[in-house]
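The report that follows walks through the fold, the packing and some individual residues of one protein chain. Please keep the sequence and the coordinates at hand while reading.

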Amino acid sequence: VDQQSHFCYGNPPKRRLTIRGTDPEDTRNKLLQQGFDESYEANSAKLLYRTEIAPAVFTDRWTWLKTWYQDSTEMIRLTPLDRESVMLIPDPKDPKKTFLGVVDVQKIGSEWEAWVWTMTDVTQVDMDWQPISTTPNRIGRIPYTMYGSRNDRKPHPLADAVLDQKAHINMRSWEMSGWRLQAFAILTLIGKMITEDQNSTPDGKPRTRLGMGHYLQLAAGSKMEAINPQFAVGEIRDAESSLLRETLERAKISSTTIDSSGTPEQPMAMAMKHMKPMEDRALNITMFGEQERQTIRDWLAHARAKGMIDVDPDEVEIRVEFPTEILPTDIAQTRTLDQKDVAEFRMKGVDYILKHVKPDATPEQAQKYWDELLEAADKSSGGLMEGLRSAINGNVPPPPPEQLSRAAELYGADHPALQPPAPDPTEAAPAGV
């Protein structure tokens, strides 16, 4: 749970808002983005998604995030809710994917309150489901976003992990029981025991004392011995390793990660170990991206209804961009390899600019910068690679100085003898000029 939460929101996504058909640098876009960023920062959105939303999704399959306007602070708030507190009103025509409204039941102090939200109305009901009051839904949306999936057919990785963990605990318990049997002697009687009420003194039969206050009386010819349980430690450990390998293979993780030969330190083994979590992350950020866009649309609807923005929410283009790489990398080495890929036409120059030079730029801005870089590289003695290295610092390399002739080096480029001849003023101009 913590690993996937970190993979998705340890490095949070960039949320971009732009009005369709306008320049991203337009003042209206800057004001819109600034207001949104300030609101999300006031709601501690980075911490909210990392520590509450994502863990709840990976633990319970889905959870709810409510977007609402708080009159006392004049702020749009983001509040996570337990999934049990929100009940869906499904669309009879599409009950699995479409809902017509929600019922939000919350305990306020010692009293319970219930609110029914639809696209047109907001109704407060009592605990007998009788309406108390109804007001129009002024934002035209149901501001409850479900994060996660209600698809019961999808396997639940946490539940599978719990079952596997129980199996491993049982296996370890068996192993520890075997070690206890091996460490402490198991005594057994071979022959016949004499009970306490039998005469043990006059008959001269041998007696065996066991413990500080009790005697174990044996009949003649009987004896006590300790049993060797012959506990097969190696076999138990082999069985435990086999079970672990099966668990890893079900999770699509290479079983070589538990090899004692040091294989986990090898790059390919480490890559295989992270393959399945990365596959899960790709699916999760696709799901979270769309659900975040729904929450942002709710935010825009509230902001428009309260006069915080003057933009039609339907005209706003929303982008939620999760980082493509999250595992630790050697930045300098990655940059050098990408420079080589650009020079050998395996990577687009615009992609290099967006990745290393101007990550916050739009594709159009990156293309313009790349064109300037190519133009400068054509005039530079260092070529394209030098231009890419200079671009890391945001500098387009200047063109090299003009090459001087040997005469110009000796006498100076301004020497009259080296200047081009002036045009003859007596020469007739071409016809038509």
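Are Tyr 49 and Tyr 147 buried or exposed? Both Tyr 49 and Tyr 147 are buried, and the account below, which concerns a predicted model, places these two residues within their surroundings.

**Overall architecture**

The protein has 433 residues, of which 31% are buried, and its secondary structure consists of eleven helices and 15 strands. Of the contacts between residues at least 6 apart in sequence, 54% join residues at least 24 apart. The accessible surface amounts to about 28200 Å², and carbon and sulfur atoms contribute 54% of that area.

**The nonpolar cores**

The largest nonpolar core contains 32 residues, and those with the most contacts inside it are Leu 17, Tyr 40, Tyr 49, Phe 288, Ile 296 and Leu 300. Helices and strands both supply this core: the elements giving two or more residues to it include the helices α1 (2–9), α2 (27–42), α3 (45–60) and α6 (267–305), together with the strands β1 (14–19), β2 (62–70), β3 (75–81) and β15 (316–321). Apart from this core lies another one, of twelve residues, among them Trp 117, Ile 139, Tyr 144 and Met 146. Returning to the largest core, Ile 296 touches Arg 15, Leu 17, Phe 36, Tyr 40, Ile 318 and Val 320, when residues up to four places away in sequence are not counted.

**Aromatic pairs and charges over a ring**

The model contains ten aromatic pairs. Phe 36 and Tyr 40 form one that is tilted, with 4.2 Å from centre to centre and 40° between the planes. Because these two residues are four apart in helix α2, Phe 36 and Tyr 40 are separated by about one helical turn. Phe 36 is buried at a relative accessible area of 1%, and Tyr 40 is likewise buried, at 5%.

Tyr 49 and Tyr 147 make another pair, whose ring centres are 5.7 Å apart and whose planes stand at 70°, so the arrangement is edge-to-face. This pair links distant parts of the chain, since Tyr 49 belongs to helix α3 and Tyr 147 to strand β9 (residues 144–148), 98 residues apart. Both residues also take part in one aromatic cluster, formed by Tyr 9, Tyr 49, Phe 58, Tyr 147, Phe 288 and Phe 322.

Trp 62 has charged side chains over its ring: Arg 83 lies over the face at 4.1 Å from the ring centre, and the charged end of Arg 150 sits over the ring, 5.7 Å from its centre.

**Strand β2 and its partners**

Strand β2 is mostly covered, with eight of its nine residues buried. It pairs with β9 in the antiparallel sense over five bridges, and in that pairing Lys 66 stands opposite Tyr 144 in β9. β2 also pairs with β3, again in the antiparallel sense, over seven bridges, where Tyr 69 stands opposite Ile 76. β2 and β3 form a hairpin with four residues between them, and Glu 74 in the turn has a positive phi of about 55°. In a regular strand the side chains alternate between the two faces of the sheet.

**Three buried polar residues**

Gln 124, Thr 362 and Thr 18 are set side by side below.

| Residue | Location | Relative accessible area |
|---|---|---|
| Gln 124 | strand β7 (residues 121–125) | 16%, buried |
| Thr 362 | loop between α8 (349–357) and α9 (363–379) | 11%, buried |
| Thr 18 | strand β1 | 14%, buried |

What surrounds each of them can be read from their contacts, with residues up to four places away in sequence left out. Gln 124 touches Glu 113, Ala 114, Trp 115, Gln 130, Pro 131, Ile 132 and Ser 133. Thr 362 counts as buried because its relative accessibility, 11%, falls under the 20% limit, and Thr 362 is in contact with Pro 24 and Leu 354. Thr 18 touches Asn 29, Glu 315, Val 316 and Glu 317. The C-alpha atoms of Thr 18 and Gln 33 are 7.6 Å apart in space, with the two residues 15 apart in sequence.

How values were computed. Residues are numbered from 1 along each chain as its sequence is written. This is a predicted model: local features need pLDDT of at least 70, side-chain atom pairs count only at pLDDT 80 or more; totals for chains, interfaces and linings use all residues. Side-chain values use heavy atoms; hydrogens and water are left out. Buried means under 20% relative accessible area, exposed over 50%, partly exposed in between (1.4 Å probe, protein chains only). Contact means heavy atoms within 4.5 Å. Accessible areas come from the Shrake-Rupley method with a 1.4 Å probe; for residues, only the protein chains shown count as cover. A nonpolar core is a set of buried Ala, Val, Leu, Ile, Met, Phe, Trp, Tyr and Cys residues joined through side-chain atoms within 4.5 Å. Rings of Phe, Tyr and Trp (its six-membered ring) pair if their centres lie within 6.5 Å; planes under 30 degrees apart count as stacked, over 60 as edge-to-face and the rest as tilted. A charge sits over a ring if NZ of Lys or CZ of Arg is within 6 Å of the ring centre and within 35 degrees of the ring normal. Two strands pair if DSSP finds at least two bridges between them.
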